[in-house]
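Work through these exercises with the sequence and the 3D view open. Try each task before you read its solution.

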Amino acid sequence: MDRIKIIGGNQLNGVIPISGAKNAALPLMIASLMTDDTLTLENVPHLADVEQLIRILGNHGVDYSVNGRREHQDNGYSRTIHFTARNIVDTTAPYELVSKMRASFWVIGPLLARMGEANVSLPGGCAIGTRPVDLLLECLIALGAEIDIDNGYAKARAPNGLIGAEYTFPKVSVGATHVMLMAAALAKGETIIHNAAREPEVVNLADCLNAMGAKISGAGNSTITIQGVTNLTGARVRVIPDRIETGTYAMAVAMTGGDVLLKGAQEELLSSALDTLRQTGAEITSTPEGIRVVRNGNGIKPVDITTEPFPGFPTDLQAQFMGLMTKAQGTSKITETIFENRFMHVQELARLGAKISLSGQTATVEGVERLKGAPVMATDLRASASLVIAGLAAEGETIINRVYHLDRGFEHLEEKLSRCGAQIERISG
Ligand code: EPZ
């Protein structure tokens with residue numbers, strides 16, 4: 001198993017190209033199931049989760065071809081991939097595949113809308129919480145689907161097609177909003193979704209579906225209206241820049257000090273997190289090329305945060321922000337409201353000398369002057385990134401084990417950081 005070795009203490013200076021967003025690429029790829037034409041996606045990041053979803057889509061009959069492997073080399077190495085679901089050969093998504101990646105459950109929406117049936121394994125829990133799928137099923141039931149849970153599978157049927165409806169989500173869910181958008185795009189009549197997720201990835205999906213011929217308005221607001229159409233066509237769509245990768249590197253610079261241009265990053269995708277970083281003392285400016293992050297001289301000021309659905313502070317940056325706060329000049333409180341068990345990084349950060357106490361959903365972080373390198377364990381994708389941030393500022397050597405978590409969501413992380421002066425390398429095997 002690969003490990004990452006970091007010798008902390010260097011500032012970061014230079015340019016980091018921001019890749020296409022994993023969490024936007026995944027639903028766009030799933031949308032390819034909705035047409036027998038070719039959906040071409042530009043700026044798809046080269047990540048383990050993307051490769052896994054390609055395998056899952058292949059099981060349903062989606063062919064793909066990659067070109068431009070080197071096309072965007074100065075912009076994050078991302079690729080252009082053509083997806084074609086000429087024939088759906090299987091409407092079952094088996095446990096062996098779905099259990100490896102939760103987002104693959106979302107195929108239930110397109111399969112049901114296009115084929116009138118879908119048998120999708122329930123994804124089960126994961127390290128950050130129980131993460132049920134009740135909302136994803138309820139929104140489909142609202143559109144007229146019949147769903148039975150049998151033997152660990154959601155068996156969904158809509159033999160006469162889905163029918164538009166007005167539906168209010170009891171809780172904001174990104175995945176359920178994706179699923180309902182895709183299903184309603186091919187339902188008969190009008191669907192109105194209230195309390196929809198407003199994340200930029202939802203907007204990217206709605207734009208993609210509209211480019212394919214869907215009639216969706218309001219994405220990015222909490223109410224979205226969809227006029228169903230009978231079929232969708234191919235399209236060419238670009239994956240938005242990764243706001244979580246952007247925020248992660250911005251926090252790394254805030255931690256180490258230095259001056260880095262996050263090339264291709266867009267401020268409006270993560271205003272709340274960038275405003276928080278400004279309060280910690282980092283200078284952040286948007287330029288036509290991207291976002292420039294500078295921190296010189298002054299220490300890191302403590303700031304309290306609470307995670308919220310977009311446009312609030314994202315849960316996917318909570319661990320990284322905690323990494324930064326471990327060296328703040330004072331105490332900060334970090335409250336997680338989205339997932340019930342997203343604090344596994346606390347124990348690992350403590351191994352580097354961080355002082356953090358947990359009470360319910362709130363972590364109190366007492367900033368320390370010095371962190372010291374140590375062997376640590378990556379426990380999930382974003383938690384791993386917090387260990388990288390802390391490791392970059394720790395004295396001596398930090399070894400991060402179980403790097404496969406990082407490979408799920410960060411494209412060429414060690415290369416991007418080492419080009420800016422970090423001492424970081426992958427140790428294979
Ligand atoms: C997406 O997960 C992201 N994943 C997550 O990123 C992200 O943390 C999350 O949204 C919140 O922003 C992808 O986009 C692939 P939710 P998703 O449905 O859609 C509860 C990462 O690190 N809920 O918005 O699965 C749920 O348990 C990942 O890249 C229900 O109760 O998240 C959670 O408490 C991790 N019932 C809350 O809603 C349901 O049916 C929000 O989850 C569905 C969700």
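**Exercise 1. Find how Asn-23 meets the ligand, then describe the ligand's surroundings.**

Step 1. Start at the side chain of Asn-23. One of its polar atoms lies 3.0 Å from an oxygen atom of the ligand. This is a polar contact (a pair of N or O atoms within 3.5 Å; within protein, one must be able to donate a hydrogen and the other to accept it, and residues adjacent in sequence count only if both atoms are side-chain atoms).

Step 2. Turn to the backbone. A polar backbone atom of Val-174 is 2.7 Å from a ligand oxygen. For Pro-132, a polar backbone atom is 3.2 Å from an oxygen atom of the ligand.

Step 3. Check the cover. The ligand taken alone exposes 840 Å², and the protein buries 90% of that. Areas come from the Shrake-Rupley method with a 1.4 Å probe; for residues, only the protein chains shown count as cover.

Step 4. List the shell. There are 25 residues around the ligand, and Asp-134, Leu-135, Ser-173, Asp-316 and Ile-338 come nearest. Here, near means that a heavy atom of the residue lies within 4 Å of the molecule.

Step 5. Sort the shell by class. It has 13 nonpolar, four polar and eight charged residues. Ala, Val, Leu, Ile, Met, Phe, Trp, Tyr, Cys and Pro count as nonpolar, Asp, Glu, Lys and Arg as charged, and the others, Gly among them, as polar.

Step 6. Sort the shell by domain. Domain 1 (3–18 + 241–427) and domain 2 (22–238) each give at least three residues. The bounds come from an automatic or database domain assignment.

A note on the source: this is a predicted model, where local features need pLDDT of at least 70, side-chain atom pairs count only at pLDDT 80 or more, and totals for chains, interfaces and linings use all residues. Residues are numbered from 1 along each chain as its sequence is written, and side-chain values use heavy atoms, with hydrogens and water left out.

**Exercise 2. Compare the linings of the two cavities.**

Step 1. Fix the terms. On a 1 Å grid over the protein atoms alone, a cavity is a set of points where a 1.4 Å probe fits but cannot get out; a pocket is an open set with protein on both sides within 12 Å along at least five of seven lines; lining residues have an atom within 4 Å of a point. Points are joined across faces, edges and corners, and a volume is the space filled by probe spheres set on them.

Step 2. Take the largest cavity. Its volume is about 40 Å³. Its lining includes Asn-23, Glu-201, Asp-242 and Arg-382. The classes are two nonpolar, one polar and five charged.

Step 3. Take the second largest cavity, of about 30 Å³. Among its lining residues are Tyr-249, Val-388 and Leu-417. Seven are nonpolar, one is polar and none is charged.

**Exercise 3. Describe the second largest pocket.**

Step 1. Its space is about 310 Å³. Of its 19 lining residues, Met-255, Arg-295, Gly-299, Ile-300 and Lys-327 lie nearest its centre.

Step 2. The lining divides into six nonpolar, ten polar and three charged residues.

**Exercise 4. Which peptide bond is cis, and which residue has a positive phi although it is not a glycine?**

Step 1. Recall the usual case. Most residues other than glycine have a negative phi, and most peptide bonds are trans.

Step 2. The bond from Phe-310 to Pro-311 is cis, with omega near 10°.

Step 3. Asn-43 has a positive phi of about 70°.
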